[in-house]
Structures are given as C-alpha cells and as structure tokens.
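Colleague: I would like a close look at one part of this model. Please start from a single side chain and work outward from there.

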Amino acid sequence: MLSVDLWTSIGLMALSCVVFLSSLGMPKPRFGLGPGAYPRVVSIVLFMLAAALAFGSWKSRAEEARRLKIAPGGFRRILVLTVVTLAYIQLLKVLGFVYLTPFFLMVVLYIFGYRKPLASVAIGVGTTPALYVVFELTFKVLLPEFTLF
C-alpha cells in the first residue's frame, strides 16, 4: 500500500501537468509576459515540490506509520462535505457569495468537528468579507451576487 505522501504527490504532479498544459492555450503577447506565464511558473514549481515529496516518501522506511487510513465515519464526512459543497455551488447563483459563504463555512467547520457555535459564526462572518475584499476589490474577480429579488 502506498503512503499518503506518495498519493498526495502523485495527485499534485497530475494537477501541475493539467495547469501547465492549460496555460499553453492562453494568448501570447508580442513582448513581455502573457497571462499564461504565472500559471506555468507555479505549475513547474508545484511539480518539483511534489516530486521532492514523492522521492522523500519513497525513500522513507517509516511508511508503516503513514499508511492511508480513514477514521471511522470518514467516508460519511467526505460524502456529506461533497453534497454540501455541490449545494453551495448551485445556491451561489441565487443567493450570492456574501450571503451564502458564512453559512457554508459554519457547516464545513461543523462537519470537521468544530463545535464552538460562537467561534464558528465569527469565523464565517469574519472570513467572508476578507475573501470579498481580496478577490472582488483587490484582484477584480467577479463573485456571484444575490439575484433572488
């Protein structure tokens, strides 16, 4: 059986290849760096780091302690998280990022075993505006808006 680190590194190397190949189709400027340069650099660095993780995992003789083991109820949590995430994605179109994300974060915290309701509310309500500022205002990424009315 392969270790968690080795599986993770294989997945990350595959992801880096997908990102690299996807970035090749981006427009190429006449001079300077184009929009595909940053994803290519990140994917190359990610591939190298994942390869180092794979090598370290392969070389390690202590793999017995790091076998992929899922705790009891782990598959149920993964399934619930998947369903909640898919519902979140669908509801984003109607309720928007700002209104739905705090609830999503609170549910995810609960799924992962965090049982402090006041802190969960604070995390959900505090993280959402921070994400909004970073993506909508700083990076100019359009986030889904409330469209119910």
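Colleague: What is the relative accessibility of Ile78, and what does the residue count as?

Modeller: Keep in mind that this is a predicted model. Ile78 has a relative accessibility of 46%. Buried means under 20% and exposed means over 50%. Ile78 therefore counts as partly exposed.

Now place the residue. Ile78 is found in helix H3, which covers residues 74-95. Its partner to look at is Ile111. The two are 33 residues apart in sequence, yet their C-alpha atoms are 8.9 Å apart in space. Ile111 is the last residue in the range of helix H4, residues 97-111. So from H3, the next stop is H4.

Stay on H3 for one more residue. Lys93 also has its place in H3. Lys93 is exposed, because its relative accessible area is 54% and the cut-off for exposed is over 50%. From Lys93 to Glu145 is 52 residues along the sequence. In space, the C-alpha atoms of that pair are 7.3 Å apart.

The surface comes next. Val94, Val98, Tyr99, Phe146, Leu148 and Phe149 make a nonpolar patch there. The area of this patch is about 650 Å². One of its members, Phe149, lies in the segment after helix H5. Phe149 has a relative accessible area of 88%, so it is exposed.

Lys140 is also in the segment after H5. Its backbone is worth a look. Phi is positive at Lys140, about 60°, although the residue is not a glycine. Lys140 is exposed too, with a relative accessible area of 62%.

Now go back to H4 and follow how it meets H5, residues 117-138. Two packed helices are described by the angle between their axes and the distance between the axes. For H4 and H5, the angle is about 135° and the axes are 8 Å apart. That makes the pair oblique. The reason is the cut-off: roughly antiparallel needs an angle over 145 degrees. H4 passes H5 in a right-handed crossing.

A residue pair goes with this. Ser120 lies in H5, and Val108 falls within the 97-111 range of H4. These two are 12 residues apart along the chain, with 9.6 Å between their C-alpha atoms. Ser120 is buried: its relative accessible area is 6%, and the limit for buried is under 20%.

Phe135 is another residue of H5. At 35% relative accessibility, Phe135 counts as partly exposed. That is the label Ile78 carries as well. For Phe135, compare its position with Ala54. They are 81 residues apart in sequence and 33 Å apart in space, C-alpha to C-alpha.

Ala54 takes us to helix H2, residues 37-59. H2 meets helix H1, residues 4-23. Their axes come within 8 Å and cross at roughly 160°. H1 and H2 are therefore roughly antiparallel to each other. Their crossing is left-handed, whereas H4 passes H5 in a right-handed one.

Back to your starting point. Ile78 sits in H3, is partly exposed, and has its C-alpha 8.9 Å from that of Ile111.

Definitions and conventions:
Residues numbered from 1 in each chain as written. Predicted model: local features only at pLDDT ≥ 70, side-chain atom pairs only at ≥ 80, totals over all residues. Heavy atoms only, no water. Patch = residues over 30% accessible without salt bridge, like charges linked within 9 Å, V, L, I, M, F, W, Y side chains within 5 Å. Areas by Shrake-Rupley, 256 points an atom, 1.4 Å probe, with all protein chains shown as cover. Salt bridge = Lys/Arg side-chain N within 4 Å of Asp/Glu carboxyl O. Helix = DSSP H or I, 4+ residues; strand = E, 2+ residues; numbered from the N terminus. Buried < 20%, exposed > 50% of the residue type's maximum accessible area, 1.4 Å probe, protein only. Axes fitted to C-alpha atoms, helices over the stretch in contact; angles between N-to-C directions. Parallel < 35°, antiparallel > 145°, perpendicular 65-115°, else oblique. Left-handed = near helix turned anticlockwise from the far one by under 90°.
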